[in-house]
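Here are a few short exercises to work through with the model open. Try each one before reading its solution.

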Amino acid sequence: MNKPVSPDEFITDEDGPLYAARKKVYPQSVSGRFRSIKWRLMAVCLGVYYLLPFVRWHRGLGAPNQAVLIDFPNRRFYLLFIELWPQEVYYFTGLLVLAALILFLMNALGGRIWCGYLCPQTVWTDLFYAVERLVEGDRRAQMKADAGPMTVKRAGRRVLKHAIWLMIAWWTGGAWVLYFADAPTLVRDLATFQAPAIAYIWIASLTASTYFLAGYMREQVCVYMCPWPRIQAALTDEWALNVTYKYDRGDPRCSVKKAVDIRALGEKAGDCIDCNQCVAVCPTGIDIRDGAQLDCIQCGLCIDACDAVMTKVGRKAGLIGYDNDINIQHRLAGKKEIFKPVRARTVVYASLITVVCAVMLYALMSRTLLDVNVLHDRNPVAVRLSDGGIRNGYTLRLLNKRGFDRVIAIDVDGPPDAKLHVIGADSVTPDRPMIVLARDTTTELRVLVTAPIDEKAEKSVPIIFRITDIGLGEVASATDHFVLP
């Protein structure tokens, strides 16, 4: 009998451990074009997130005036002039599809643009890094402090840093709940401890998650927790531009002084001086010169660091930049660089985005603010009257999405000489019932349809309920069946 083999026997000392402990990353501050872009996008993203709940939008008397509001008690979603009801959840499906397609297009054009510039994890981590540098100093100061003993001064700085982090995290959680109620009112209720308990629970949860994700987990979220790097790697192609070390120009690496000596001998010396500044500024701590890596969020900070060094040593900038392997091979072969932002993949993505936008816009512009649904009685399905007529009962659910009351008329098309009666509702025109629908609400009506039916008539006849707004002329209809006993 064969002896069972332990899994540990397959692992040798040369393979290394299966788990690598985290090494703290100390990203160095850097200035340049991409850092400036990230600062501006951070300001816009945070500004929109924190301030948008306080933007007002007048919708008429009795309607909420918050520009963006998720109103769970009344089951409404408000976005500027748009008001969505639960029945219109398909718009959110369209937005999710649209977001996915835009993400795919970003990836096809410039790699992980979302990860490097717009992802909430990146934005808040950048903000926490800025606070850390402001309080504790830059990379070298932090590394030196961590290597030394704890002092009163260092402890004070650390307490201050964490206090600011917690304030940012608290306001992040607080801003989130403001999207679910009137922001000024909820702020007052929170300050006076009169807000509902669920609001405090959500604030505490989001405060904790923001504090730990942006303050402690940082790059580990991108490397281990986020699925997008794996998905992105499967979606990319050879023409996508990614942050790339141009080894055709940078290798072999050597110092400035050594490069002079090598070139004097007629040999090739690369432009990379092996200063490791690209590694020092990387928020995930990788070396971009090792090629494409899952850990790289393609934030472009290594480009800024390398360009600054190249400028100082009198060499052309762009040793690290948005490029692809095809162009590197072209340059090695002495051929011209080729960039193909317009290709089958990007055209398909752009076309799909256009189609989804057009469909959603058409649906939004053509949607009716008056709707009706009909439900046939189940028991009894039909009743034969003493005069030989047949009566069917229905429940009509009328939806008035406008911000004012309106008068509607109810008509029925189906069996010949059919008469409609609304139970419990008075109308000045019995032959054509007219009902007042309250604003921004759903109204249920119980209706009876009576018609003289011959024994030779069909067992089931289609019937159409047509609802007409007397003042605006809007029409909505629903179809069911008029059946015989």
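**Exercise 1.** Find which residues carry the UniProt annotation "transmembrane region", then check the backbone of two of the spans.

*Solution.* Start with the record: the unreviewed UniProt entry puts this annotation on residues 39-57, 89-109, 163-181, 193-214 and 346-365. UniProt positions are in the numbering used here, and such annotations may be inferred rather than shown by experiment. Residues are numbered from 1 along each chain as its sequence is written. Keep in mind that this is a predicted model, where local features need pLDDT of at least 70.

Next, take residues 89-109: 95% helix, 0% strand, with the end C-alpha atoms 31 Å apart. Then do residues 163-181, where helix makes up 79%, strand 0%, and the end C-alpha atoms sit 28 Å apart. Helices here are DSSP runs of H or I with at least four residues, and strands are E runs of at least two.

**Exercise 2.** Work out how spread out the protein chain is.

*Solution.* First count elements: the chain has 16 helices and 14 strands. Its radius of gyration is 33 Å, well over the 23 Å from the globule rule for 485 residues, so the chain is more spread out than a compact globule. (The radius is over C-alpha atoms; the rule is 2.2 Å times the number of residues to the power 0.38.) Finally, the C-alpha box along the principal axes is roughly 115 × 70 × 60 Å.

**Exercise 3.** What share of the residues is buried?

*Solution.* Apply the cut-off, under 20% relative accessible area with a 1.4 Å probe, protein chains only. That gives 40% of the 485 residues.

Definitions and conventions
This is a predicted model: local features need pLDDT of at least 70, side-chain atom pairs count only at pLDDT 80 or more; totals for chains, interfaces and linings use all residues. Side-chain values use heavy atoms; hydrogens and water are left out. Buried means under 20% relative accessible area, exposed over 50%, partly exposed in between (1.4 Å probe, protein chains only).
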